[in-house]
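Hello,

I am passing a structure on to you, and below it you will find a short account of the charged side chains that pair up in it. Please keep the structure open beside you while you read.

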Amino acid sequence: MGEQQQVKFPQQVIDEYSALGVDLPALFSAGHLGTRMGVQILEASADRVVGTMPVEGNTQPYGLLHGGASAVLAETLGSVGSMLHGGVSKIAVGVDLNCTHHRGVRSGLVTGVATPVHRGRSTATYEVVISDEEGRRVCSARLTCLLREVRPGDEPPARTTAS
């Protein structure tokens with residue numbers, strides 16, 4: 001459960017970050033919390049981010065997918081899209097997350113798809129639709145991230161071994 005798959009990035013994005021010595025799969029992974037929850041990012045671009053998460057291990061006492069787990073998946077996917085939109089000179093920081101839970105799920109995988117609602121210079125907002133294995137909507141979420149300029153002393157989260 002925590003092993004990260006290879007994320008599909010547009011070649012232009014790979015080239016931009018590689019020039020800076022940044023390891024994109026590590027940088028745009030699910031992070032420590034997402035890894036613990038089994039989040040897998042399958043596809044990532046500023047236009048669309050897709051990821052999955054198992055229901056098992058992410059349930060509340062009644063055996064249903066925990067709403068907080070859906071929020072983690074939504075914020076992870078929306079943040080990745082926001083970071084890709086902001087580019088190498090910006091850091092994406094979540095400032096608002098709204099989740100509406102439509103149905104319970106007891107097993108299997110859920111899939112989240114994040115698409116942009118707004119992509120500006122200082123903020124990015126993504127809609128995230130989380131569905132069960134039958135394609136039924138489980139959760140609708142909206143994440144807004146502040147895009148702030150990288151400041152001196154800000155360290156990229158992951159660098160290649162060559163840098």
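**Salt bridges in the model**

Glu 134 counts as exposed, since its relative accessibility is 57% and the exposed class begins over 50%. Please bear in mind that this is a predicted model, and that every value here was computed from it.

With its side chain, Glu 134 meets Arg 136 in a salt bridge, with 3.1 Å from N to O. Arg 136 is itself partly exposed, at a relative accessible area of 39%, and it also forms a salt bridge with Asp 132, where the closest N and O atoms are 2.8 Å apart. Asp 132, by contrast, is buried, because its relative accessible area is 8% and buried means under 20%. Through the partners that these salt bridges share, Asp 132, Glu 134 and Arg 136 are joined into one network.

As general background, side chains of opposite charge can pair when their charged atoms come close.

Which residue forms a salt bridge with Arg 142? The partner is Asp 96, and the closest N and O atoms of this pair are 3.5 Å apart. Arg 142 belongs to strand E6 (residues 137-149) while Asp 96 belongs to strand E3 (residues 90-101), so this salt bridge ties together parts that lie 46 residues apart in sequence. Both ends are partly exposed, with a relative accessibility of 37% for Arg 142 and of 35% for Asp 96.

Altogether, the count for the model comes to six salt bridges, among them the ones described above.

Best wishes

Note on methods. Residues numbered from 1 in each chain as written. Predicted model: local features only at pLDDT ≥ 70, side-chain atom pairs only at ≥ 80, totals over all residues. Heavy atoms only, no water. Salt bridge = Lys/Arg side-chain N within 4 Å of Asp/Glu carboxyl O. Helix = DSSP H or I, 4+ residues; strand = E, 2+ residues; numbered from the N terminus. Buried < 20%, exposed > 50% of the residue type's maximum accessible area, 1.4 Å probe, protein only.
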